[in-house]
Amino acid sequence: MDQFTINLLFVGASFALYIGIAIWARAGSTSEFYAAGRGVHPVTNGMATAADWMSAASFISMAGLIAFTGYDNSTYLMGWTGGYVLLALLLAPYLRKFGKFTVSEFIGDRFYSQTARIVAVICLIVASVTYVIGQMTGVGVAFGRFLEVSNTAGLLIGACVVFAYAVFGGMKGVTYTQVAQYCVLITAYTIPAIFISLQLTGTPVPALGLFGDTASGEPLLAKLDAIVTELGFNEYTTHHSDTLNMVLFTLSLMIGTAGLPHVIMRFFTVPKVSDARWSAGWALVFIALLYLTAPAVGAMARLNITDMMWPNGGIEGGAVSVEQIDNDARYDWMQTWQKTGLLDWEDKNGDGKIQYYNDANADMQALAEEKGWVGNELTKFNRDILVLANPEIANLPSWVIGLVAAGGLAAALSTAAGLLLAISSAVSHDLIKGAINPQISEKGELLSARIAMAVAIAVATYLGLNPPGFAAQTVALAFGLAAASIFPALMMGIFSTRINNVGAVAGMLAGLVVTLIYIFLHKGWLFIPGTNSFTDADPLLGPIKSTSFGAIGALVNFAVAYFVAGATKETPEEIKDMVESIRIPRGAGAAQDH
């Protein structure tokens, strides 16, 4: 059986499972559509939250970014994991006790303002649409490779699948679909990692293998450092980037995590307030299984790739030949990925070999001139393909490659569904029912939610064709927007009675607008290529990249909110009493249910 057929079997079986679950758990009421009837067990919810969280950015893109940068990109791990701790301690239980369906509904009621609710909807849609662009990018990469079609065709196929199970299932269907997707994606991520760790270090636990010794007796990380520095790249295990930007980026990811509406919505699905904390705890356990493995996947893949490009013992032994790439079965993965347009190489100097090195390094330029090289000949290696290509690079069995195909798609589709649900509920419940037509029937509200989700899928698919970066980088922009707009409003809404409606609205708008402008200046207006004035290599404000600006935007939000609230009327007493009651730990089982 050929690899394409095996891929189809794994992907087809997983899709049949997801769509079957969505039909079985089809939402019949608004409570089931928005909050799964508030009857989800904390362990189940923790697993669904983990799948919702571990998107294309985590499964497909993160290890690739770590692999080609090393230590400096460990910020993704620290920021995304640390954000869950903030969410569990500072937000989830209080929001569940308040008892609403959506984040925007909480903000509207807490700040006693329809305007605040609408502004929150705008912030939510901007952050969620940016996030879903990253997911659709990952969907296109995965479908393009494993169905052996173009990246564009893959993205369109993925959009149709998301539409099929997310539009009809609602939160109830999505919850149980995500449990199945978690099982698929974590199996697909860890099994190849175990195989590769055994190959390189003899250790079955990848996280331990990362610090283990290779067959030659040399520590894996020391060997990797030696190889990449020989080729003119930065040392893998050392800090090279600007420390201020690194801290701001980590902080932006952390508070962005705690402010993401599609993740917060998951905590509205449990029966009790105490279950919200337990859900967050279980989610961290399930997330840790992947996040402890990712650094090992990145490092081991980088070592394997470098060895394949220099199979004769480094620079002195000589680079891989074009003939070997064309005829050696171990290099078939390169031919396959070249068809997607995400991997490419060129024999620039006509010597029949493909030299892979850092041609921006001055020392390597001198060596290249001496040897007759005319530049790095591995001309394209999209970071998002690394995890999906990893089992092929390591020459693992065909069934493992098929499993990874199903896992990568599960990761991208699970988060895309959660994001689309957050967008649709914001439009139908907060905008249409909350502001435009309060008398709308439950049937009409469900219909408007499904139409909103369909429109969101179409917009995200269109933008996903020309994303502003790799999947994880696009997702980081979304985190910055959530950090600058939603997180401060939630924190001030729960822990400060002084912030009134005017202050909250001013703060959210200030944080969102400042952050959005900074991102557009670096990534292009509305992410249109060629319309940017700066780049992340040469940022507007010193070392602060667009992906790190969310933390600055959050500070702007807090500062503006406190300043405006201090200059305007105090919060009404009944709102102060409501805020105090939300924070009282007594009666943890007595969450409201509106």
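Which residue follows helix 17, and is its phi positive or negative? To find out in this predicted model, select Gly-372: this glycine comes after helix 17, and its phi is positive, near 85°.

**The start of helix 17**

Next, move to the other end of the helix, which spans residues 362–371. Select Asn-361 together with Asp-363. Asn-361 caps the N-terminal end of helix 17, with a side-chain oxygen 2.8 Å from the backbone nitrogen of Asp-363.

**The nonpolar cores**

Select Trp-53, Phe-59, Trp-80 and Ile-107, the residues with the most contacts inside the largest nonpolar core, which has 182 residues. Then add helix 19, residues 398–436; this helix gives the most to that core, with 18 residues. A separate selection shows another core lying apart from it, made up of five residues. Leu-248, Ile-544, Phe-549 and Ala-551 are among them.

**The cavity**

Return to Phe-59, which also belongs to the lining of the largest cavity. A search of the whole structure finds one cavity of 30 Å³ or more, and the largest cavity holds about 70 Å³ of space. To display the lining, add Ala-188, Tyr-189, Pro-192, Ala-193, Val-297, Val-387, Asn-390, Pro-391 and Val-404 to Phe-59. Helix 8 (151–201) and helix 18 (386–393) are the elements that give two or more residues to this lining. The largest share, four residues, comes from helix 8. Coloured by class, the lining shows nine nonpolar residues, one polar and no charged.

**The largest pocket**

Now select Leu-65, Phe-68, Thr-69, Asn-73 and Lys-545. Of the 33 residues that line the largest pocket, these are the closest to its centre. The pocket contains about 870 Å³ of space. For the surrounding elements, show helix 4 (56–69), helix 5 (75–98), helix 11 (243–258) and strand 4 (380–381), each of which gives two or more residues to the lining. Its classes are mixed: 13 nonpolar, 12 polar and eight charged residues.

**The second largest pocket**

For the last stop, select Ile-133, Leu-463, Leu-526, Phe-527 and Ile-528. Among the 15 lining residues of the second largest pocket, these lie nearest its centre. About 310 Å³ of space lies here. Helix 7 (114–146), helix 20 (442–464) and helix 22 (501–523) are the elements giving two or more residues to the lining, and helix 7 gives the most, with four residues. Colouring by class shows 13 nonpolar residues, two polar and no charged, whereas eight charged residues appear in the lining of the largest pocket.

Definitions and conventions
Residues numbered from 1 in each chain as written. Predicted model: local features only at pLDDT ≥ 70, side-chain atom pairs only at ≥ 80, totals over all residues. Heavy atoms only, no water. Polar contact = N/O pair within 3.5 Å; in protein donor to acceptor, adjacent residues only side chain to side chain. Core = buried A, V, L, I, M, F, W, Y, C linked by side-chain atoms within 4.5 Å. Buried < 20%, exposed > 50% of the residue type's maximum accessible area, 1.4 Å probe, protein only. 1 Å grid on protein atoms, 1.4 Å probe; cavity = no way out; pocket = protein on both sides within 12 Å on 5 of 7 lines; lining within 4 Å. Points joined across faces, edges and corners; volume = space filled by probe spheres on them. Nonpolar A, V, L, I, M, F, W, Y, C, P; charged D, E, K, R; others polar.
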